[in-house]
Amino acid sequence: MSVDSDKLKINNFQLKSSIEVVDVVKKIDMLKENKVLIHIVSYIHNTVLVQSLIKELQRYIPDAEIVLLKHADKTVTNVTLFTIDTDDESHLSDEILKELYTDNYNKKQSIDEYRVQLFKRYFTDHLTNLPNLYQLRKDLQSNEDAGLILLKIDNFQAINNFYGFVVGDYVLEYVGKYLKEILKDDTIYRLSGAEYALTIEHRMGFYQLKEHLSEIYEKIKNIEIIYQNTKIYIDFTMASSSNHDNTSIFSKVSMALIYAKQKGVPFWIYEEKMNFEHEYERNLKLSHIVREAVENSRIVPYYQTIMDNENSEIVKYECLARLIDKDGKILSPTLFIPIAKSIKIYNEVTKIIVNKAFDTFKDSNYEFSVNLSIEDIMSSEIFDFIIQKLKENRSAATRVTFELLESEAIRDFQKMEKFISEVSRYGAKIAIDDFGSGYSNFSYLTKMHVDYIKIDGSLIEDIELDDAALIVVETIVQFAKRLGIKTIAEYVHSSIVMEKVKELGIDYSQGFYIDEPSVDFKS
């Protein structure tokens, strides 16, 4: 026991045998000061140990007040020495009790203060000293009529990556103070990362809330932070909900925030009719379907023929990814590929398709093509996998074409060049898929040394009617011929389009007029 008192001191001793009595009493005698109270605590009091202890204490310290107490431990006798500086001889126990009470009260006060500080820290963000998510939840629970606004720094990840976490923390702290000063009438919360929140005392209707968010946005847009002579600009995306209750308000406003970011708008207001939850539920179900299909290798290639326009012979097949769920339903890549990327198993999808394509065509004379995304090209894992596949299948390697989506941004041109260079060493070819969709960068073609250009189907399908599309296709074909690149027309769906494609001098054709994609490949 420890007591923080100038008047009272406490010392404890334990004895298990009567032979320890003399040593313990001598120690007690050395510690005695002024008035002494001794508690002897044992299972029973008529033992040799206890009686010897009483006798020795009375001999060494005749003025000590001795109190006998009991406890349940049969093996140990405890001795507690209370020494107190007091002139009150008649109430020694009372004086000691008073000191013990005072000490205990002071400790309780300290514990209570510490508890308050601890709870305060639990509900406070340590970086900005703003109330945190736990405090926000608590405040919303105490006011069921309150509304919620979320604010997120748009470019924080780029700032943190470029300048480092020290500057990143400075930005977060600065923004917290700035919001607190600008929005003085609101309580500002910092949630996590670059996300902040504020509450509205009473929920608003859609149009009133829209006006309120517009006013807030005008106050906080284009914040300029100066850090060591460097200007850092901050922009926000905001979201709120105009629902009549606070049920799942965090998830609803968070979904609206994500939607606003995707749309590139300053803010978005959640409304029940938007059915964001249904989309999230659908994506969760799809995630399970995709994961299960990958685990059971039910990602399969569908084969579509590509025809040589000069002699109308089938010369190659494109391997198109499809997913067959456990009920036999077929899902297109536009549905399951984005999900596979989001749940980090897209690499496995690519490997399955590449493996099955090579297995199908290893003993065939036909050429075949496999689609690769920019993520595939940038992935060291997929790069190594493809190179190993080419090494192990030398005959098939000279017949495979890797189709790269032109519409996807090339983030690292050197990696792209390295990929093309490496696969070309094994005889593999490169095609640019969907060329002509969106903005086509012709300069890529002069650097990438590709073998084929697949002209986007949106240009081909109405080529006999759309003069602008015809001009674009003519330009692509002429450009490709001058570079020695073969051209392939996609979406050839009729005899009229087929004739036009041949007339333009396009080398190959692909589309429903020639053949529809099929799970069966017949060599």
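Is Leu483 buried, partly exposed or exposed? Leu483 is partly exposed, because its relative accessible area of 38% lies between the 20% limit for buried residues and the 50% limit for exposed ones. The model in which this value was computed is a predicted one. Its chain has 523 residues, of which 46% are buried. The briefing below covers the chain as a whole, its nonpolar cores, two helix pairs and three individual residues.

**The chain as a whole**

- The secondary structure comprises 19 helices and 20 strands.
- Of the contacts between residues at least 6 apart in sequence, 70% join residues at least 24 apart.

**Nonpolar cores**

- The largest nonpolar core contains 75 residues, and those with the most contacts inside it are Leu390, Phe402, Phe419 and Ile460.
- Helix H11, which spans residues 346–361, gives the most to this core, contributing eight residues.
- A second core, separate from the largest one, has 32 residues, including Leu151, Phe156, Tyr196 and Phe236.
- Apart from neighbours within four places in sequence, Ile460 is in contact with Ile455, Val473, Ala489, Glu490, Tyr491, Val492, Val497, Val501 and Ile506.

**Helices H13 and H15**

- Helix H13 (residues 380–392) packs with helix H15 (residues 413–425) at an angle of about 15°, and their axes are 10 Å apart.
- H13 is therefore roughly parallel to H15, since the limit for that description is an angle under 35 degrees.
- The crossing of H13 past H15 is right-handed.
- On the H13 side, the residues that meet H15 are Phe383, Ile386, Ile387 and Leu390; on the H15 side, they are Lys418, Phe419, Glu422 and Val423.
- Sorted by class, this contact has six nonpolar residues, two charged residues and no polar residues.
- Leu390 and Phe419 link this helix pair to the largest core, as both take part in the contact of H13 with H15 and both are listed among the residues with the most contacts inside that core.

**Helices H5 and H6**

- Helix H5 (residues 156–163) and helix H6 (residues 165–182) have axes that come within 6 Å and cross at roughly 140°.
- H5 is accordingly oblique to H6.
- From H5, Phe156, Ile159, Asn160 and Tyr163 meet Phe165, Val167, Gly168, Val171 and Leu172 from H6.
- The contact of H5 with H6 is made up of seven nonpolar residues and two polar ones, with no charged residues.
- Phe156 belongs to the second core and also takes part in the contact of H5 with H6.

**Three individual residues**

- Leu483 is located in helix H18, which covers residues 467–483.
- Beyond its neighbours within four places in sequence, Leu483 is in contact with Leu445 and Thr446.
- Leu483 lies 32 residues from Asp451 in sequence, with 9.7 Å between their C-alpha atoms.
- Ala260, in helix H8 (residues 249–263), is buried, because its relative accessible area of 0% is under the 20% limit.
- Ala260 touches Thr237, Met238, Val265, Phe267 and Trp268, when residues up to four places away in sequence are not counted.
- Between Ala260 and Thr237 there are 6.9 Å from C-alpha to C-alpha, and they are 23 residues apart in sequence.
- Lys74 is found in the loop between strand S3 (65–70) and strand S4 (77–84).
- Lys74 counts as exposed because its relative accessible area, 64%, is over 50%.
- Lys74 and Ser42 are 32 residues apart in sequence, and their C-alpha atoms are 7.3 Å apart in space.

Definitions and conventions
Residues are numbered from 1 along each chain as its sequence is written. This is a predicted model: local features need pLDDT of at least 70, side-chain atom pairs count only at pLDDT 80 or more; totals for chains, interfaces and linings use all residues. Side-chain values use heavy atoms; hydrogens and water are left out. A nonpolar core is a set of buried Ala, Val, Leu, Ile, Met, Phe, Trp, Tyr and Cys residues joined through side-chain atoms within 4.5 Å. Buried means under 20% relative accessible area, exposed over 50%, partly exposed in between (1.4 Å probe, protein chains only). Helices (H or I, at least four residues) and strands (E, at least two) are DSSP runs, numbered from the N terminus. Contact means heavy atoms within 4.5 Å. Axes are lines fitted to C-alpha atoms, for helices over the stretch in contact, and angles run from 0 to 180 degrees between N-to-C directions. Angles under 35 degrees count as roughly parallel, over 145 as roughly antiparallel, 65 to 115 as roughly perpendicular and the rest as oblique. A crossing is left-handed if the near helix is turned anticlockwise from the far one by less than a right angle, and right-handed if clockwise. Ala, Val, Leu, Ile, Met, Phe, Trp, Tyr, Cys and Pro count as nonpolar, Asp, Glu, Lys and Arg as charged, and the others, Gly among them, as polar.
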